[in-house]
Structures are given as C-alpha cells and as structure tokens.
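Reader: Hey, got a minute to walk me through this one? I'd like to hear about the sheet and the ligand site.

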Amino acid sequence: MSQKEAQKKKNVYTNRFYYPQDEVIEKPFNWKQMTRLLKYIKPYSKTLLPAAFGAVFINMIVRLLVPILIGQYVVDRAIINSDYRLLIYLIVIVVGLYFINYLANHFRIKIVNVLGQRTIHDLRKQLFTHVQYLSHDFFDKRSAGSILVRILNDVNSLQELFTNGIINILMDAFMLLAIIIILFSLSAQLALAVLVILPIMFYISTKLRRDIRRTWQNVRSIRSRLNSHLNESLQGMRITQSFAQEEENAAYFDGVNQENFERERIAMKKSAYFGPFIEMSNAVGTVILIAYGATLIINGSMGIGTFVSFAFFLGMFWEPISRLGQIYNQLLVAMASSERIFEFLDERPTVKESDNPIVLTDIKGDIQFDKVQFSYDDERIALHEISIDVKAGQTVALVGHTGSGKSTIANLISRFYDPTDGAVYVDGHNLRDVSLASLREHISVVLQDTFIFSGTIMDNIRFGRPGASDEEVIEAAKVVGAHDFIVRLANGYDTEVEERGSILSAGERQLLSFARALLADPKILILDEATASIDTETEMKIQAALRELLKGRTSIMIAHRLSTIREADNIIVLENGRILEQGNHEQLVEKQGEYYKLVKSQFDMFEAL
Ligand SMILES: Nc1ncnc2c1ncn2[C@@H]1O[C@H](COP(=O)(O)OP(=O)(O)OP(=O)(O)O)[C@@H](O)[C@H]1O
C-alpha cells in the first residue's frame, strides 16, 4: 500500500466521531467570557472564597517572613554574636510559623478543591438542565457524542481553573511582587543582575508549557473519540457480529487507538523538556547569585545575612513565575471550552412558551390541525396544508408510506416543533398559547422503539407517573396484560433491566410501555405501533392491551396492523405530506382508492377481508 493510500485509510478510520467544533483547543483571552465564568464562583464569595484567601494570605506571610528571620536575625544576630538563647527563640518561632503554614496550606487545598468541585458541579448541572429543555431541532442537528463531549470534557477542562487557577493567579502575582520588592530592597544591584534572565525565562517557559498543554489537549480529544467509538461498538456488537464485520470494526478501533498512542507519545516527549528547563533557569540564577553575590560580600557592599535571605527569596521566585505561565495557558484553554459551553447555554428553545401561557388543568381531548404546513429544514416540506379534526375520545389511524409525514403529525401534537404555517389546537387552544408542561402532562407518547431506562421494571413503569404507588403500578400492568410476564421474571417487578431492556422481548417491551402510558392516564395518546412481527398470541395480547389503553382517550395511532386500523374511527391516508383521503375502514375500502391499494399490498387484504 502506498503511503498516500495508507494515510487515506488511516483518515477513514479516525474521521469517525470527529467533531471539528470540539477540536479547537485554545482561544484568545476574552474579558467578557472571563467575567461570565467568574459568576460561577459568586455564590461562594461569602463562604469558601474568603476562607481560601485567608489561608492563602497566612501562607504568603509565613513564606515571606521566614527568610527574613533566617538572614537578618539567625545569621546576622544570633550566629554572628553567638547568641544561643536568641537562636533557640528563633528556631521555636520558625517551627511555629512552619506549623501554622502547614495548617493554612492544608486548609487552603481542601477549600480550594471543594470550591472547584462545587463550581464544576453547578456548571454541569446548569448545562444538563438547560440542554434538557432545548427543542427537538437542537438534537436533530447534533450527535449525542458531541453533546456528551461538551457536558463532560469541556466542563472538566475548566476544573483546574476553578480549583487552583483563580486563587493561584492572585496569590502568585502578589507573591511575585512582594519577592521582587524584597529582593530589590535587600540588594538592588544583585536583584538586577539575577533578574536579567527573567523575561527570557518567562517567555520560554510559557511557550513551552503552551506547547505541552496543546499536545495533552490533543490526547484528550482523541481519548474522547476512543470512548465514543467504544461505546458505539459495544452497543452495536450484535449487528457487527451478524454482518461478520469484526475485522473492519477492529481496524476502525485500531485507527483511533493508534492515533491515541501517537498523540500520547508526543505529549510525553514534550513534557519531558519542562522540568529540566525550570531547573536549568534556577541553576543560571544561582550561578549569578553566587558569583556576583560573593563579590559583593568580599568587597563589603553586602552582609552575609542579607545574602542568605536573598538566596532564600530567589529560590522562591521561580515557582510563582512558572505557575503564572501555566495559569495563562489554562486560561486560553478555558476560553475555548467556556465558549463551547456558553454556546449551548445561549441556545434557546425554538419552541417557546408565550409570556402568559394558558395552563391546561383538565382537557377533553379535541385536536384540530388548521392548514398546517411544516418543514424541518426550510428546504423540504414535510406537511402541506394539513387540516384534521379529531373529536375527544376518537381513535385516528395515520396510514401511509414511509416518510409520508405520520410521525411529523404526532410531533406537532406534542408541540415538539411549531408549524411553519397554520396552527394546531387542543380543546380550541392554539398550542402556541398553552404551557408546554401542562400540555405534555395530558399527552403520552408510546414509541415503536420503547425506551427502557436502567432500573427496575417497577421504576420503568412508574416513569409514567413518578408519584404512583406500587399497587397502582401493578394495577396498570395487570390491565394491559404485562403482569403475567413480569411475575415470571427472576425478581418480578424488582428485576433490573439494564442496557435498554435487552432482557425483554420486543412484545414485552411494548406491553411495558403501554403500562407506563396507562399509569400516566393521559387524555391524548399518541402511539407509534411496532412494525416488528410478533407471534399471534402476543399480537392478541397487545391488541387486548390496546383496547384497554384507548378507552376514554383521544388516540392518534401511527398504525401498521390492519387489526388496529380497522377499529379506528377515522383513518387518514397520507402521501408526501398531504392527506389523500380519510374515512373509516368500510368507507375507504368501498372507495377503492389509495387506502384500498395500500391495504391490499401490505396486509394481504383478501385474506383479511
Ligand atoms: N428530524 C428531521 N429532520 C429533517 N427531516 C426530517 C426529520 N424527521 C423527518 N424528516 C423528514 O420529514 C419527512 C416526513 O417524515 P416522518 O418521520 O413524518 O415520516 P413517517 O411517515 O412517520 O415515516 P415512517 O413510517 O418511516 O416513520 C420525511 O421526508 C423525513 O425525511
């Protein structure tokens, strides 16, 4: 294989799960964004924040005091005058100060970590809650993986900033200033000589750090792709095996895995430069200190005590410098992450509530579509001037070829989208004027692919009405005929159903979702009937369960089974987003139109009639 072909193949393997917008790892510093980020610390501005600053302040004072005590008092007074008494006092004071420093440091680390964790927790909670309220079109445009990356990785990458960054930036800046002032006041000549290398050192270390940080960001982004790939592969394992695609799948995995290896190798290599570089700058400073400092002592322009204090302060000097460089880089990364987080937070639901929405406390269940036009993407029209009138308690079957607009009609009743033109009414209220939560309280949607959450069977049914008692859950299961199979499971209602309910059969999952819907006791039921062929016995059970479920409700069924369609009060036949005809089964069969043809072709009509 040529190199070009190999690269092309490699790209194919690594381009899956690639979200370009999530790859940007740094952005220029932006004050507005920073102020917005700082707001997340505000709730703690009267509790954790002052406590952290207090601890930092004590720590700084001790660190600045000790070298002065040692140089100016231990060396220049106690040692030079051989004053043992003073020496012992001084040692006790230094020990005491270090002990206070230990306590303050311990306290600081603890508080700063809690502060960071809390802020991250608040931000993640806000982001998730916000995303949950976004309209369907938001999720249509994005893959679950890319949303996941923002809620997990981007929020995580702010953690370091909130944990140490913001506190350290102030502490280090203050410390640096204090050390420079002290160095100059101890010996301006020596300070100048030693600090000449400062700008070069700061420049190189910041650049180096940024470079290293970027390489680690690259590692992080490939890791999240590895996760997405693994997640999808495991979910789709049965399909992979049934199509014997293990080899191809392994090649995809290896593509991402190999990339991960390479990026980690580069990151490690670059990281290996940093520690030695700081040590080397330290060494250069020390050489200047010894060479020039000794000269100053010998020619009598500096005392030994001052030299000792100077050496201590110089030793403390490099740490805040290198940390400030690190924080600066952290800030740039935080800019990119926070921009992506704020982009989600600024996203508003396209389906908006009016300022004074009508709260639907009790409804009858009438539904009207008045010349509804709808398009998902402003290009293709999914519904053309649809007018439908459903009376409370009626069952309406939507029938039509795939893509004809059946699910779209169902989506508009729940107001997951707003019509582009025309209006949908429930009990005479335009859906744009009613409160979303109160509307959806009266509607239950049973999808073809029933979603089972991890938890027990009991929890899954109770999802329909979280306040329901165990007895009510069991009663609902009995009415739809799910009770029998549930009690046969290992732990009955307490059986855990992980992994989207894979321990249950399609028919059982369907019955479970009926029980869930019945428990919710909605006035309007939207039901996407499963197309999966199930055995006649289950089919009959489901049919019986359906009859129970439909009693006293307005029902919109996306129907596939003739048995269901025949019982509907009204059958609406759709084609390319238009209503072709409507009526009950007998009327439509008599008409010998599209419905007749559809039934004939799909359901082996002659036998059924
Ligand atoms: N989220 C979406 N974004 C863009 N277009 C969509 C979306 N959902 C559906 N469509 C398009 O709208 C049209 C109607 O789709 P709809 O899902 O309502 O059909 P359907 O009759 O329910 O089909 P099926 O029986 O296969 O479920 C189709 O052309 C489809 O491609």
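Author: Sure, we'll take the ligand, then the sheet, then a record annotation. Keep in mind that this is a predicted model.

Reader: Okay, which residues are around the ligand?

Author: They are Asp140, Tyr376, Asp377, Ala382, Gly400, Thr402, Gly403, Ser404, Gly405, Lys406, Ser407 and Thr408.

Reader: And how many of the shell residues are nonpolar, polar or charged?

Author: Seven are polar, three are charged and two are nonpolar.

Reader: Which helix gives the most to that shell?

Author: That's H13, residues 406-413, with three residues.

Reader: Switching to the sheet: in what order do the strands sit?

Author: The order is S6-S7-S8-S3-S9-S10, six strands in an open sheet with mixed pairing. S6 (443-446) and S10 (578-583) are at the edges with a single partner strand each, so one side of each has no neighbour in the sheet. On average, neighbouring strands are turned by 15° against each other, ignoring direction.

Reader: What about S7 and S8, parallel or antiparallel?

Author: Parallel, over five bridges, with S7 covering residues 524-528 and S8 covering 554-558. One of the bridge partners is Ile556 in S8, matched with Ile526.

Reader: Which helix lies across S6 and S7?

Author: H18, residues 506-520, and its direction is at about 180° to S6.

Reader: Last thing, where does UniProt put the ABC transmembrane type-1 domain?

Author: The unreviewed UniProt entry places that domain at residues 51-331. In the model, that span is 93% helix and 0% strand, and its end C-alpha atoms lie 23 Å apart.

Definitions and conventions
Residues are numbered from 1 along each chain as its sequence is written. This is a predicted model: local features need pLDDT of at least 70, side-chain atom pairs count only at pLDDT 80 or more; totals for chains, interfaces and linings use all residues. Two strands pair if DSSP finds at least two bridges between them. Helices (H or I, at least four residues) and strands (E, at least two) are DSSP runs, numbered from the N terminus. Axes are lines fitted to C-alpha atoms, for helices over the stretch in contact, and angles run from 0 to 180 degrees between N-to-C directions. Two residues are in contact if their C-beta atoms, placed from the backbone, lie within 7 Å. A residue is near a molecule or strand if its C-beta atom, placed from the backbone, lies within 6 Å of it. Ala, Val, Leu, Ile, Met, Phe, Trp, Tyr, Cys and Pro count as nonpolar, Asp, Glu, Lys and Arg as charged, and the others, Gly among them, as polar. UniProt positions are given in the numbering used here, feature names are shortened, and annotations may be inferred rather than shown by experiment.
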